[in-house]
Amino acid sequence: MKLNAVIKAALFSLLPVSSVLAQETPEYGAWVAGFGEYYKVDNDKPNSLDSFDDASGLGAELGFRFTPEWGARLEWSRLNFDSESGLNDRDGDRFGIDALHYFDKKQTYLFAGFKHQNLGENYRLVNFGLGRHWDLSQNWKLVTEAAAYYDFGQDFTDFGLKLGLAYTFGGNSASGGTPSNISSQLNEPAQTATDSDGDGVNDNQDRCANTPKGDRVDAFGCTLFDEKTVSSALDMLFAHDSHKIANPDSQQVKNFADFMQQYPDTTVTIEGHTSLVGTEAYNQQLSERRAAAVKKLLVERYAISAERISTVGYGESRPLDRADNEAAHSANRRIHAQVSTTKKVKLTR
């Protein structure tokens, strides 16, 4: 809490009080940015180990724009300094605070502030320069800056060039707005909210006009859906030692074919079975013929694509009833198929 208070006090101390209290809203209220920097070192800059060559680095900043004319920022950067001998290269941090004055009331600004630079030795700098935020989109800006850094105590001046990317937020999204614009908007008569389709969402927020009455809707007036699993099954019986389909026009077959036509992305496996009468090898072939007969029916009579249908014969390996009587044998002479899918179902009130 104490640190936040100190930062806020430092920021406001850099700004004219009359400007902070101004009522105009800036184009954007704050920004965060990352940048790369080229740093030109003064030949007179003292260093106990070696003479510095130029440096490069990366940094970040957090800025606040209080009025269209005035803003402030906190800045940190990490710089890599080359030594002239190549033996004593240094990495160091620079951090500080700046006041910004937007002299065209848009995005070009002059800035000045204080910096602390730590390269093993500490340098306290006063800096000033010129910068601009270039529009890339409503919130994204290209940052360009040129700055000079002067150390009064040791009498040297460094120079820096920055190129970065900033994300802006807050403030007034409509640039160039004035208090008179706001006043005129406030004086406009309020419009009565209407809900033309009666779904509970006003027309100025409704993205789905003419929603059917009774539908449950989201915050934008669009019908809500849920997923529901639907399925269809086909079970057919066969005569003893036969793969002939007794009733190819049965309602069950029609319903199954209609389901597959309604949901063209579905596929199905037709399972063929036999009773326990006869040899295992013969019953295996018979079960395969029964499954193939049903596939042929669906393809030729009901126009279901053959690629969507596969068949398998289980012979006598999966009986429904193992009893040795006619009722059990009849129940086991069969095919079975089931297909399912999910579909969107409207939610109602």
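Here are four short exercises with worked solutions on this predicted model.

Local features need pLDDT of at least 70 and side-chain atom pairs pLDDT 80 or more, while totals for chains, interfaces and linings use all residues. Residues are numbered from 1 along each chain as its sequence is written, and side-chain values use heavy atoms, leaving out hydrogens and water.

**Exercise 1.** Find where Phe169 sits and which residues Phe169 touches.

*Solution.* Start with the element: Phe169 belongs to strand 8 (residues 156-169). Strands (E, at least two residues) and helices (H or I, at least four) are DSSP runs, numbered from the N terminus. Next, look at the surface: Phe169 is partly exposed, with a relative accessible area of 36%. Buried means under 20%, exposed over 50%, and partly exposed in between (1.4 Å probe, protein chains only). Finally, leaving aside residues up to four places away in sequence, Phe169 touches Tyr28, Gly29, Ala30, Trp31 and Val32; contact means heavy atoms within 4.5 Å. The C-alpha atoms of Phe169 and Val32 are 8.8 Å apart, although their positions lie 137 residues apart along the chain.

**Exercise 2.** Work out which parts of the chain the salt bridge of Glu145 and Arg73 links.

*Solution.* First, the rule: a side-chain nitrogen of Lys or Arg must be within 4 Å of a carboxyl oxygen of Asp or Glu. For Glu145 and Arg73, the closest N and O atoms are 2.4 Å apart. Glu145 is in strand 7 (residues 140-151) and Arg73 in strand 3 (residues 70-83), 72 residues apart. Both residues are buried. Arg73 also forms a salt bridge with Glu75, at 4.0 Å. In total, the rule gives 16 salt bridges.

**Exercise 3.** Explain why the salt bridge of Asp249 and Arg301 ties together parts apart in sequence.

*Solution.* The side chains meet at 2.6 Å, N to O. Asp249 is in the loop between strand 9 (225-237) and helix 4 (251-262), and Arg301 in the loop between helix 5 (280-300) and strand 11 (309-313), so the pair ties together parts 52 residues apart in sequence. Asp249 is partly exposed at 42% relative accessible area, and Arg301 is partly exposed at 45%.

**Exercise 4.** Describe the aromatic pair of Tyr39 and Tyr149.

*Solution.* Rings of Phe, Tyr and Trp (its six-membered ring) pair if their centres lie within 6.5 Å; planes under 30 degrees apart are stacked, over 60 edge-to-face, the rest tilted. The structure holds 8 such pairs. Tyr39 and Tyr149 are tilted, with 5.4 Å centre to centre and 45° between the planes. Tyr39 lies in strand 1 (residues 30-40) and Tyr149 in strand 7, so this pair ties together parts 110 residues apart in sequence. Tyr39 and Tyr149 are both buried.
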